[in-house]
Amino acid sequence: MKNDITKQNDEGAAPVRRDQGLTSNQGTTIADDFNTLKSGVRGPSLLEDFLFREKIFHFDHERIPERVVHARGAGAHGVFRLMDPIPQFSKAGFLSQVGAETEVFVRFSTVVGSRGSTDLARDVRGFAIKFYTSEGIFDLVGNNIPVFFIQDAINFPDLVHAVKPEERNEIPQAASAHNTFWDFASLMPETAHMVMWLMSDRAIPRSYRMMQGFGVNTYKLLNAQGESFFVKFHLKPKLGVHSVVWDEAQKISGRNPDFHRQDLWEAIENGDYPEWDLGVQILTNEQEQSLDFDILDATKVIPEELIPIQYIGTLQLNRNPDNFFAETEQVAFHPGHLVPGIDFSDDPLLQGRLFSYLDTQLSRLGSPNFHELPINKPKNPTHNFRRDGAMRQDIPKDTGNYNPHSIAGGCPYLSNVMSGGSGFESVPAAAEGRKIRKRSETFGDHFSQASTFYNSQSEIGKKHIQDAFSFELGKVTREEVRFRYLGILSVVDKELATIVADRLGLPVPDGLSEETIQTASQIFENYPALDKIKLGFTYPSLSVEYHCDFDTIKTRKIAAILTEGFDLQELKQMQARIKEEGATLDIIADKYGDIIAATGETVKVDYTLVTMDSVLYDALYVVGGNASQEKLASIKKAVCYVDDALKHNKAIAIGGNSNALVQASDLRLVESDKAIVSIRTADDIEVFIQRIAQHRNWQRELANNLL
Ligand code: HDE
């Protein structure tokens, strides 16, 4: 099957069906759906036209409010298979039996942009999973970055107002690179660690299928013996973690704003089901005390070098939604959708989330009965005394609507009456204290982990962070905001601050600005506690490379560009090998139709140079054949394919012996480069495949200035 949905839909005519007549919403058969009822063919329309009115009325109300954050998303159905049960930690049924399968629905999202915005914004990605367990719904509402901007939920509306488009003019869309975000970040030093992740390549993933997922907040597990543990949830993609580069991300946003959504859809349609290992990082109460940061502070990560992750099962996505609105748009996640055996910690961010999600569904979906929508309905039966409300669908029969009652035999019973206490129980933790609006001093170090994150990156990882800060702060028009943020960077890492300051034409500040200290002092006494900051630590698990998979090119997309006079024999060899490796090779030429090879045979074109683009592919293959390559060298767009692939550090294969495209493109500027492969023999094809598996040749970017 071709790896492209528009093509699939166009293939063949749909069979004619005569078994479904058009009806109104009331089931009335419709004979004419093209003309309104009028008084004479040229006369005015009649108000009595109930069929027209129903059609327009429904259309007028088709839109619902988009999510206040995470508006842009893509979803898929799948299954979670448990390999390694953990009944010693949790009594949750779906975590207790080897091989247990639980249906899931997953929604990926960007945070800042509107519903129609680009997939490739520099942003955090949502990774929300609905587990339809036999004991009720468990929602793991996570992100692809393990920490968050703020520590207390009360700051969330401020954060979101600051990062969303500016209120005067709704500019810019789906971008943090503007005054208000950086103003907020510069005044709230607790954002420092998360901002470091946001400036890293994590914020521009190659695919939803190639990103990690994190529960972010600390949760608790409760076992059947009543013992509790702290837990962090992790998801690790089987395809490894991979990103695009920023110049590429910006171009993809124009060429295909649905890049991630389409990638997910096509992979599932093609049977390349995306998979992640689900892991738990479990801490006893004693281990919690041994860490030098607070696990209730969502701006902190627990490096897996300190507390290992135990992978317990696999999440697989294997079915696309039948209808985007009914499923992906109407799905309603909530961290408070829990099952027995899982509970919250006292993380003040998580505690605030517990109010927000339920509340927002009401204004978004319009009724407290959103749980009855098919995508939100638990798979196990529900029985309770909640009644009525707009759009109620269940029709309760022969039951009482109050508790206790004796009318319907007393049913439904509380679970502890039914089965000896197997229902949901909160972890029976002691909670006593004076009412107080204050931040714990244990949340007060905002810089150690930000510095650890930066220092744990490879050379290219650091360079990309420097470039991202220079871009984002460069878009800030208020110089005092730029300078104030440099103050934060100067505490995180002097070298980083110096590089960025130089590019902004500003001096490096000597520590935090007065304004930053003033704001943070409203939250923390004696701020900043700089003596507590520990700089210079590194953990390999915080780098992207630690999570890459370099063995496979499965599901990768390769562009083969050619025109008349190409080498069909070489193309066929390449095609066969790429297919065997589970990747896709698209044939792209200067026009559609059949293109004639040097030998006179023809090949069918998948796309033209203008309908696709280099940035939509993982690698480029310039098919051999002197006449073909000489003509391509004279087509500006073909040269752009080469230049962009080169600039974005992709593997490039050049077939045949012609030097024409090398001379016409920036290839002539690059001396030795292991990911530029001349295809002369079958072995060269193998080298090319290995280079694609490497994802990018970062050395090229470090050695040349191609941007
Ligand atoms: Fe959310 N978040 N959030 N969030 N969040 C929403 O709920 C909120 C936070 C996350 O695909 C909203 O249904 C508050 C952290 C995802 O439908 C809203 C705070 C994490 C999604 C909301 C946070 C997330 C949301 C908007 C700070 C990572 C998309 C629409 C206390 C663990 C779910 C909706 C989907 C969506 C509130 C912080 C993840 C307004 C108040 C931390 C993946 O309720």
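1. Let me start in a loop: N526 lies between α16 and β11, and since this is a predicted model, please read everything below in that light. Phi of N526 is near 50°, a positive value in a residue other than glycine. N526 counts as exposed because it has 8 C-beta neighbours inside 10 Å, where 12 or fewer is the limit for that class. For context, most residues other than glycine have a negative phi.

2. The loop between α16 and β11 (557-561) also holds P528. A cis peptide bond links Y527 to P528, with omega about -5°. You may want to look at N526 and P528 together, as both are placed in the loop between α16 and β11.

3. There is a cis bond elsewhere, from I171 to P172, with omega near -5°. P172 sits in the loop that runs between α3 (156-163) and α4. As a general reminder, most peptide bonds are trans.

4. H70 is another residue with an unusual backbone angle to check: its phi is near 60°, positive although the residue is not glycine. The loop between α2 (50-60) and β1 (73-82) contains H70. Is H70 buried or exposed? H70 is buried, because 22 other C-beta atoms lie within 10 Å and 20 are enough to qualify. H70 also appears among the residues closest to the ligand, together with R67, G126, A153 and V216.

5. On to the ligand itself, which has 25 residues around it. Which element gives the largest share of this shell? The answer is α10, with six residues. At least two residues each come from β2 (101-110), β3 (125-133), β4 (136-143) and α10 (348-365). Sorted by class, the shell has twelve nonpolar residues, ten polar ones and three charged ones.

6. The largest nonpolar core has 120 residues, and M196, V492 and V500 have the most contacts inside it. Helix α14 (residues 479-492) gives the most to this core, namely seven residues. Another core lies apart from it and has 49 residues, including A560, L571, A651 and I685. Back in the largest core, V500 is in contact with Q466, F469, S470, L473, L486 and L489, leaving aside neighbours within four places in sequence.

7. Helix α14 deserves its own point. Eleven of its 14 residues are buried, so α14 is mostly covered. Among the buried ones are V481, R482, R484, Y485 and V492. The buried residues of α14 pack against α4 (179-187), α5 (192-198), α12 (448-455), α13 (459-474), α15 (494-504) and α16 (514-523). The length of α14 agrees with expectation too, because 14 residues at 1.5 Å a residue should span 20 Å and the end C-alpha atoms are 20 Å apart.

8. How is the protein chain divided by the domain assignment? The assignment gives domain 1 (73-152 + 205-372) and domain 2 (550-703). Their centres, taken over C-alpha atoms, are separated by 37 Å. Contact between them involves ten residues of domain 1 and nine residues of domain 2. On the domain 1 side, helix α6 (residues 246-255) supplies the largest share, five residues. That side of domain 1 divides into three nonpolar, two polar and five charged residues.

9. F344 lies in strand β10 (residues 342-344). F344 counts as partly exposed because it has 18 C-beta neighbours inside 10 Å, a number between the limits of 12 and 20. Beyond its neighbours within four places in sequence, F344 is in contact with Y219, K220, L350, Q351 and L354. F344 and V476 are 132 residues apart along the chain, and 38 Å separate their C-alpha atoms.

10. Finally, L702 belongs to helix α22 (residues 698-703). L702 counts as exposed because 12 C-beta neighbours lie inside 10 Å, and 12 is still within the exposed class. Leaving aside neighbours within four places in sequence, its contacts are E459 and I460. L702 and K463 are 239 residues apart in sequence, while their C-alpha atoms are 8.6 Å apart in space.

How values were computed: Residues are numbered from 1 along each chain as its sequence is written. This is a predicted model: local features need pLDDT of at least 70, side-chain atom pairs count only at pLDDT 80 or more; totals for chains, interfaces and linings use all residues. A nonpolar core is a set of buried Ala, Val, Leu, Ile, Met, Phe, Trp, Tyr and Cys residues joined through C-beta atoms within 7 Å. Helices (H or I, at least four residues) and strands (E, at least two) are DSSP runs, numbered from the N terminus. Two residues are in contact if their C-beta atoms, placed from the backbone, lie within 7 Å. A residue is near a molecule or strand if its C-beta atom, placed from the backbone, lies within 6 Å of it. Ala, Val, Leu, Ile, Met, Phe, Trp, Tyr, Cys and Pro count as nonpolar, Asp, Glu, Lys and Arg as charged, and the others, Gly among them, as polar. The expected span of a helix is 1.5 Å times one less than its number of residues. Domain bounds come from an automatic or database domain assignment.
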